[in-house]
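Colleague: Please walk me through this model, one question at a time. Keep the answers brisk.

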Amino acid sequence: MLGTPSRNNLNKIVVLNPKGGCGKSTLVTNLAAIYARSGATPAIMDYDPQGSTMAWLAKRPKNRPEIHGIAAYKNSMQATRSWQLRVPNNTATLIIDSPASLSHDDLRELTRDSTSILVPILPSALDIHAAARCIADLLLVAKVDRRERKLAVVANRTRKNTKSLAKLIQFLDSLGIPIVAVLRDSQTFVRAADEGVGICEMQPSRVKQDMEQLDKIISWLDAWPDRRRTSNAATAINRQPLSERSNLHRTQFGSA
Ligand SMILES: Nc1ncnc2c1ncn2[C@@H]1O[C@H](COP(=O)(O)OP(=O)(O)OP(=O)(O)O)[C@@H](O)[C@H]1O
Ligand SMILES: [Mg+2]
């Protein structure tokens, strides 16, 4: 079974969707490049045996801000699993790339203690169908509580105003899951992947529109402490006996 680190203040972002080619690795590398630019070295943990994000890291030019790579898909004979998966102590942000197929146990393990879960989805009927299953598994198998608001979708490789994008929006609205960004089908992502950089490291005038969307994702991700606090407060209130809850309500809002 897979194993992932757990640390109280670690921003653990999981990118998953069993549908191949939906943009998981693209999202992971581009988010990591943005976090790297902001100062602290982020880490990428790659669970996909294809090793796409580790291959991207190997291509990364030496003069770019550092990103720590953990090849979690490798089974080393020389090291214990926990040693192999260790995240440096000073890492604040860990971004996890996942493989196309995940067992239920692996899904639970990967999402445990995560601060955010991003599901990239291509807006086609087949992809929406597969995504529905993935989201159902997250809610029912991994027991992701929607009230924690840590699950969001990124619509990827979209073309403007298509019927399939409208369908995707309608489907997610019905589940109350936000689409935090809509990324265009753009060759800049392919070029960045080839060069071992994120699009934030390309000529700004060429990537302005795509960067606006990636910045939206970062804003949503960075709000994780607020989301966690609100969700913990709501859980604490729900756990109180009804009599205490109405007292709390009276002190907060005054009695009539
Ligand atoms: N917004 C985009 N515009 C254009 N090309 C894209 C975009 N997003 C991803 N791609 C390209 O689509 C292909 C698949 O993307 P990616 O490897 O990120 O998907 P994945 O979900 O990680 O796939 P796998 O399940 O095989 O790991 C890659 O060649 C990538 O460069
Ligand atoms: Mg991938």
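What follows is a set of questions and answers on this predicted model.

Colleague: How many helices and strands does the protein have?
Modeller: This is a predicted model, so every value here is computed from it. Buried residues make up 34% of the 256 residues. The secondary structure comes to 10 helices and 7 strands.

Colleague: Of the contacts with a separation of 6 or more, what share comes from residues 24 or more positions apart?
Modeller: The count takes contacts in the protein with a separation of 6 or more. Within that set, residues 24 or more positions apart account for 78%.

Colleague: What span should helix α1 have, and what do its end C-alpha atoms give?
Modeller: Helix α1 covers residues 24-37, which is 14 residues. The rise is 1.5 Å a residue, and the expected span uses one less than the number of residues. The expected span is therefore 20 Å, and the end C-alpha atoms agree at 20 Å.

Colleague: Is α1 largely enclosed or not, and how many of its residues are buried?
Modeller: A residue is buried if 20 or more other C-beta atoms lie within 10 Å of its own. α1 has 14 residues to test, and the rest of the structure largely encloses this helix, because the buried count is 13.

Colleague: Which residue just after α1 takes a positive phi?
Modeller: The phi in question is about 125°. The residue that takes this value is Gly39.

Colleague: Which element gives the most to the largest nonpolar core?
Modeller: That core has 53 residues. Those with the most contacts inside it are Ile13, Val15, Leu31, Ala32, Ile95 and Ile96. The element that gives the most, with 8 residues, is α1.

Colleague: Which residues does Leu31 touch, leaving out those up to four places away in sequence?
Modeller: Leu31 is listed among the core residues with the most contacts. So are Ile13 and Ile95. With sequence neighbours up to four places away left out, Leu31 touches Ile13, Ile95 and Ile217.

Colleague: Which residues of β4 lie on each side, and are they buried or exposed?
Modeller: Side chains in a regular strand alternate between the two faces of the sheet. In β4 (residues 93-97), Thr93, Ile95 and Asp97 lie on one side. Leu94 and Ile96 lie on the other. Both faces are covered, and the five residues named are all buried.

Colleague: Which residue of β4 is the bridge partner of Val15, and which is that of Asp46?
Modeller: Strand β1 (residues 11-15) and β4 pair in the parallel sense over 5 bridges. Strand β2 (residues 43-46) and β4 pair in the parallel sense over 4 bridges. For Val15 the partner is Asp97, and for Asp46 the partner is also Asp97.

Colleague: In β3, which residue is the bridge partner of Met45?
Modeller: β2 is joined to β3 (residues 68-70) by 3 bridges, and the two run parallel. Met45 points one way from β2 with Ala43, while Ile44 and Asp46 point the other way. In β3, the partner of Met45 is Ile70.

Colleague: Which residues come nearest to ligand 1?
Modeller: The shell around ligand 1 divides into 6 nonpolar, 9 polar and 4 charged residues. α1, β6 (151-158) and α7 (187-195) each supply at least two of the shell residues. Of the 19 residues around the ligand, those that come nearest are Gly20, Gly23, Lys24, Ser25 and Thr26.

Colleague: How far apart are Cys134 and Pro18, C-alpha to C-alpha?
Modeller: Cys134 sits in helix α5. Leaving out residues up to four places away in sequence, Cys134 touches Asn17, Pro18 and Val119. Cys134 and Pro18 are 116 residues apart in sequence, yet their spatial separation is 7.0 Å.

Colleague: Is Asp113 buried, partly exposed or exposed?
Modeller: Asp113 lies in the loop between α4 and β5. Its phi is near 60°, a positive value in a residue other than glycine. There are 13 C-beta neighbours inside 10 Å, so Asp113 counts as partly exposed.

Colleague: And Lys143: buried, partly exposed or exposed?
Modeller: Lys143 is found in the loop between α5 (125-140) and β6. Phi of Lys143 is near 55°, also positive in a residue other than glycine. With 10 C-beta neighbours inside 10 Å, Lys143 counts as exposed.

Technical notes. Residues numbered from 1 in each chain as written. Chains lettered and ligands numbered in written order. Predicted model: local features only at pLDDT ≥ 70, side-chain atom pairs only at ≥ 80, totals over all residues. Buried ≥ 20, exposed ≤ 12 C-beta atoms within 10 Å, placed from the backbone. Pairing = 2+ DSSP bridges. Near = placed C-beta within 6 Å. Nonpolar A, V, L, I, M, F, W, Y, C, P; charged D, E, K, R; others polar. Core = buried A, V, L, I, M, F, W, Y, C linked by C-beta atoms within 7 Å. Contact = placed C-beta atoms within 7 Å.
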